[in-house]
Structures are given as C-alpha cells and as structure tokens.
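Subject: Handing over the structure

Hi,

Here is the structure I promised to pass on to you. Have a look at it first, and then read my notes below.

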Amino acid sequence: MTATILDGRALAKTMRAELNAAVEEFKTKHGIVPTIAVVRVGEDPASVRYSGTIQKTAAKRGMESALHTLPETATQEAIVALVAKLNADEGVHGIMVQEPLPKGIDEAAVKAALSPDKDVDGVHPVNAGRLAQVAPVGRPPMVEPFFVPATPAGGLEILKRYGVELKGKHAVVVGRSNIVGKPMAMLLLRENATVTICHSRTADLPAVCRTADILCAAVGRAKMIKGDWIKPGAVVIDFGVNFVDGKMCGDVDLETAQEVAGMITPVPGGTGPMTNVMLMWNVIEAARRKAGA
Ligand code: NDP
C-alpha cells in the first residue's frame, strides 16, 4: 500500500484564501482590522523566523501585526507589564508570547498574565481548561468559547478536510506537551475518538502505536516511528520538526511509514504550513468575539 499524502501545504493555501475573504468581510462589516501583537524576548533564531512569518502572513491577509521585542535580559516584571499593556489595548485582538523565554523567566506566570480572550495561541490555563472540559461533538456545549493551540488545531483540520472518520476510532497521540500532544488528544476526544496518550515512559510504545487507527506524533525525535509501528491503513499525523544533516524530517519515518499507512502527512509540507494559518483564524475569531459578531 502507498499512503495518500495529506497535503498540508495545499490545504493551508486554500485556508489562506478563505481567511482573506473572512478578513475582508469582517473589515467591511465592522470597520475594524483584526490585529495580533507578538511578544518576543531575546533573539532566538527560530522565534525571529516565526515572528517574521506571522508578520508576512498577517500583511498579506490585510490584518495588522505588531512585533514587541524585549532584550534577553528583560525581567519577569517587564514581560508581564508588556503583556498587561497589550491586554488593555483596545486595538489588539490577539497576543502571542513567543517561546522559548530566556532562562529564569517563569513561563507559566507569563502565560497566566495573558487575557484569555486575547490568548490566540491557546496557552492560558483557562483556555486549556475549557478545552479539557468541552462537551463532545453532538452534545450541548457546556463551556464558554476558548482558543486551541494552532498546531493541533491544524492537525485536526487536516483530518476533517480529508474526511477522516474520527468517531469510535482509536487515536494514539505520542507526546504530552501542553502545546501539541495534550491539546491534540483533547480535540480527538471531543470528536468522539477513543484516545491513548503516550510519552517517554510508555511501555512498549511500538505495540501501542500498532493499535492506532489514527496515529499522531508530537515527540521531537527524528524518524522515531517506523513503518512496522503502524497498523496497515492507519492515518498518520506527524507534527515533528527535526533536522538530520540539514534536512527537515518528522517524528515518523516517512519512507517506511507510507508503505503501510492509509494516509500520512509529510514533513515538510504537512502539519507545519497549517500552524500559521490556524493562528490567523484564531486572531479573526478573537476580533469577531470582541465585536460581538
Ligand atoms: P516537547 O519536547 O514539549 O514534548 C515532547 C513529548 O514527546 C513529551 O511528552 C515526551 O515525553 C515525549 N517523548 C520524548 N521522547 C520520547 C520517546 N522516546 N518515546 C515516547 N515519547 C517521547 O515537544 P513539543 O510537543 O513542543 O513538540 C513536539 C514536536 O512537534 C517537535 O518536533 C516540535 O518541533 C514539533 N512542533 C511542530 C509544530 C508545527 O507547527 N508542526 C509546532 C510545535 C512543535 P515526556 O512528557 O515523558 O517527557
């Protein structure tokens, strides 16, 4: 079997076009430009690249983005004060604080300082808690609106747009970070999948992976998941971003996995391109909620 490639790059392109239309409609109706503020502390190269991408994406969509930089030596108080200022700024709809923050900064305290209504990266405990408490699809909603981190939101969007049935399926998520693994597991649970979450202490990980109808990898270990860890016909979502000899690869060994899987996201060109688009959707959603739209 050769797996169908789940083309995140093409889907991201489609969703950018949809986003353009949504931004245009919102601006026409409300006369407000959806605006994201990005906070970067220090000059971590990956963060510098990502903030550049956010600015470019926002500009192309007719959205506003403002980059707020603080030096590597910034104190906890200075970072929290900047977040508080952006929380109070009526013109800012979404705030993203880039990670990693410099050593010695309490990341949890910075996240907790964000207004949950502007937390478009879905990192505030209120947003994580609401995702954990949300009713399954098909039951009456129990909690207020919330934001989901962009990367797992993108993974779910790929599954949905490719028509993958989730209800009643066994989903295995490898990785339990707050930004990818755990929220992905919660999203799949909400979609009525039966979810197993794995991590570095999971016993016989290959055997658990082999039971997955839907296998999601968010580990950060290049090509760790091999073809013989995959149930024939399974759908594989690879969030991994790793570099081997300067070449990007995922957590899944694409070469052996695509011989067994039914569908698979490649790296590059799978979940990666979706992240940025989903973040922008969260920004327009924040602007809509503020406008009562
Ligand atoms: P973290 O390092 O925060 O989490 C990694 C998770 O993998 C942990 O839960 C860890 O377990 C688990 N793990 C590590 N080693 C093993 C192992 N040998 N066997 C089983 N589980 C293991 O990473 P992130 O969640 O932030 O990122 C995961 C991957 O996704 C990375 O490659 C990252 O670059 C990528 N990423 C991609 C994005 C995108 O846009 N596509 C955005 C964000 C991240 P434990 O909890 O026990 O330590």
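Let me begin in a loop: P268 sits between strand 11 (263-264) and helix 10. The peptide bond leading into this proline, from V267 to P268, is cis, with omega near 0°. Before you read too much into any detail, keep in mind that this is a predicted model.

There is another cis bond to look at, the one from E99 to P100, where omega is near 5°. P100 is also in a loop, this time between strand 4 (94-97) and helix 4 (107-113).

Two backbone angles caught my eye as well. K223 has a phi near 50°, which is positive even though the residue is not a glycine. You'll find K223 in the loop between strand 7 (214-217) and strand 8 (235-238). With a relative accessible area of 35%, K223 counts as partly exposed. D245 has a positive phi too, about 50°, and again this is not a glycine. Look for D245 in the loop between strand 9 (242-244) and strand 10 (247-249). Its relative accessible area is 79%, so D245 is exposed. The reason I list these spots is a general one: most residues other than glycine have a negative phi, and most peptide bonds are trans.

Now the overall layout. The protein is split into domain 1 (31-115) and domain 2 (150-273). Measure between their C-alpha centres and you get 29 Å.

What about the inside? The largest nonpolar core has 51 residues, and the members that touch the most others are I36, L159, L188, I214 and C216. Helix 10 (residues 272-291) gives this core its largest share, 9 residues. Both domains take part: domain 1 and domain 2 each supply at least three residues to this core. A separate core of 19 residues lies apart from it, with L205, A212, I230 and I264 among its members. As a general point, nonpolar side chains in soluble globular proteins tend to be buried together.

I36 is a good place to zoom in. Leaving out residues up to four places away in sequence, I36 touches I54, E64, S65, A66, G94, M96, V120, L279 and V283. T35 is in strand 2 (residues 35-41). Is T35 buried or exposed? Its relative accessible area is 11%, under the 20% cut-off, so T35 is buried. Beyond its neighbours within four places in sequence, T35 is in contact with E64, G91, V92, H93, G94 and V283. If you compare the two contact lists, E64, G94 and V283 turn up for I36 and for T35.

Next, go to P152, which lies in helix 6 (residues 150-161). At 0% relative accessibility, P152 counts as buried. Setting aside residues up to four places away in sequence, P152 touches I179, V180, P183, M184, L187 and F239. P152 and I237 are 85 residues apart along the chain, and their C-alpha atoms are separated by 9.8 Å.

V137 makes a useful contrast. This valine is in the loop between helix 5 (125-133) and helix 6. V137 is partly exposed, with a relative accessible area of 44%. Not counting residues up to four places away in sequence, V137 touches R190, E191 and N192. V137 and M274 are 137 residues apart in sequence, and their C-alpha atoms are 22 Å apart in space.

Finally, the ligand. Which residues come nearest to it? Of the 21 residues around the ligand, those are R176, S177, S200, V241 and T275. I also noted some contacts to nitrogen atoms of the ligand:

- H199 has a backbone N or O atom 3.4 Å from a ligand nitrogen.
- R221 has an N or O atom in its side chain that is 3.3 Å from a ligand nitrogen.
- T271 has a polar side-chain atom 3.4 Å from a ligand nitrogen.

On its own the ligand has 920 Å² of accessible area, and the protein covers 69% of that.

That's what I have. Over to you!

Notes. Residues are numbered from 1 along each chain as its sequence is written. This is a predicted model: local features need pLDDT of at least 70, side-chain atom pairs count only at pLDDT 80 or more; totals for chains, interfaces and linings use all residues. Side-chain values use heavy atoms; hydrogens and water are left out. A nonpolar core is a set of buried Ala, Val, Leu, Ile, Met, Phe, Trp, Tyr and Cys residues joined through side-chain atoms within 4.5 Å. Buried means under 20% relative accessible area, exposed over 50%, partly exposed in between (1.4 Å probe, protein chains only). Helices (H or I, at least four residues) and strands (E, at least two) are DSSP runs, numbered from the N terminus. Domain bounds come from an automatic or database domain assignment. Contact means heavy atoms within 4.5 Å. A residue is near a molecule or strand if one of its heavy atoms lies within 4 Å of it. A polar contact is a pair of N or O atoms within 3.5 Å; within protein, one must be able to donate a hydrogen and the other to accept it, and residues adjacent in sequence count only if both atoms are side-chain atoms. Accessible areas come from the Shrake-Rupley method with a 1.4 Å probe; for residues, only the protein chains shown count as cover.
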